[in-house]
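Student: I am new to this structure and would like a close look at a single part of it. Could you walk me through one helix and its surroundings?

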Amino acid sequence: MRRVQGKCFSQEEINRIKHLLSSTDMTLQEIAERMSCSKSAVVGINHTFQIRDYHGRRSFWSVAGVPMAA
């Protein structure tokens, strides 16, 4: 279990969020809604594992150097 933004996440939940961040074009809010957590928790996981890079813009991000629109 890991605590992020006031919620305890199992390793399975963290892995699911990481998968959604890296393999879908879902917004952070959509991922939060799917995982029943706050957007800030998803942002925290993204920040910890550095999955998406937003290049200072909220509507543009990349995963492993591949640009994607959010």
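## A close look at helix 1

Tutor: Gladly! Let us start with one residue and work outwards. Setting aside residues up to four places away in sequence, Leu20 touches Met26, Ile31, Arg34, Met35 and Arg52. Please keep in mind that this is a predicted model.

Where does Leu20 sit? Its place is in helix 1. Leu20 counts as buried because its relative accessibility is 1%, and the cut-off for buried is under 20%. One of its partners, Met35, lies 15 residues away along the chain, with 9.9 Å between the C-alpha atoms of the two.

Now step back to the helix as a whole. Helix 1 covers residues 11–23, and its 13 residues should span 18 Å at 1.5 Å a residue; the C-alpha atoms at its ends are 18 Å apart, so the two values agree.

Leu20 has company inside helix 1: Ile14, Ile17, Leu20 and Leu21 are buried there. These four cover an arc of only 125 degrees around the axis, which puts them on the same side of helix 1. A general point helps here: an α-helix has 3.6 residues a turn, so residues three or four places apart point the same way.

For contrast, try Arg16, which also has its place in helix 1. Arg16 counts as partly exposed because its relative accessibility is 35%. Leaving out neighbours within four places in sequence, Arg16 is in contact with Arg34 and Met35. Arg16 and Met35 are 19 residues apart in sequence, yet 8.5 Å apart in space from C-alpha to C-alpha. Met35 is thus a partner you have met before, as Leu20 touches Met35 too.

Next, what does helix 1 meet in helix 3? Ile14, Ile17, Lys18 and Leu21 of helix 1 meet Val42, Ile45, Asn46 and Phe49 of helix 3. This contact divides into six nonpolar residues, one polar and one charged. The axes of the two helices come within 10 Å and cross at roughly 80 degrees, so helix 1 and helix 3 are roughly perpendicular to each other.

Helix 3 (residues 39–49) also packs with helix 2 (residues 28–35), at an angle of about 110 degrees and with the axes 8 Å apart. That angle makes helix 2 roughly perpendicular to helix 3. Leu28, Gln29, Ile31 and Ala32 of helix 2 make this contact with Lys39, Val42 and Val43 of helix 3. By class, it has five nonpolar residues, one polar and one charged. You may recognise Ile31, which is among the residues that Leu20 touches.

Key: Residues numbered from 1 in each chain as written. Predicted model: local features only at pLDDT ≥ 70, side-chain atom pairs only at ≥ 80, totals over all residues. Heavy atoms only, no water. Axes fitted to C-alpha atoms, helices over the stretch in contact; angles between N-to-C directions. Parallel < 35°, antiparallel > 145°, perpendicular 65-115°, else oblique. Contact = heavy atoms within 4.5 Å. Nonpolar A, V, L, I, M, F, W, Y, C, P; charged D, E, K, R; others polar. Expected span 1.5 Å × (residues − 1). Buried < 20%, exposed > 50% of the residue type's maximum accessible area, 1.4 Å probe, protein only. Arc of directions from axis to C-beta.
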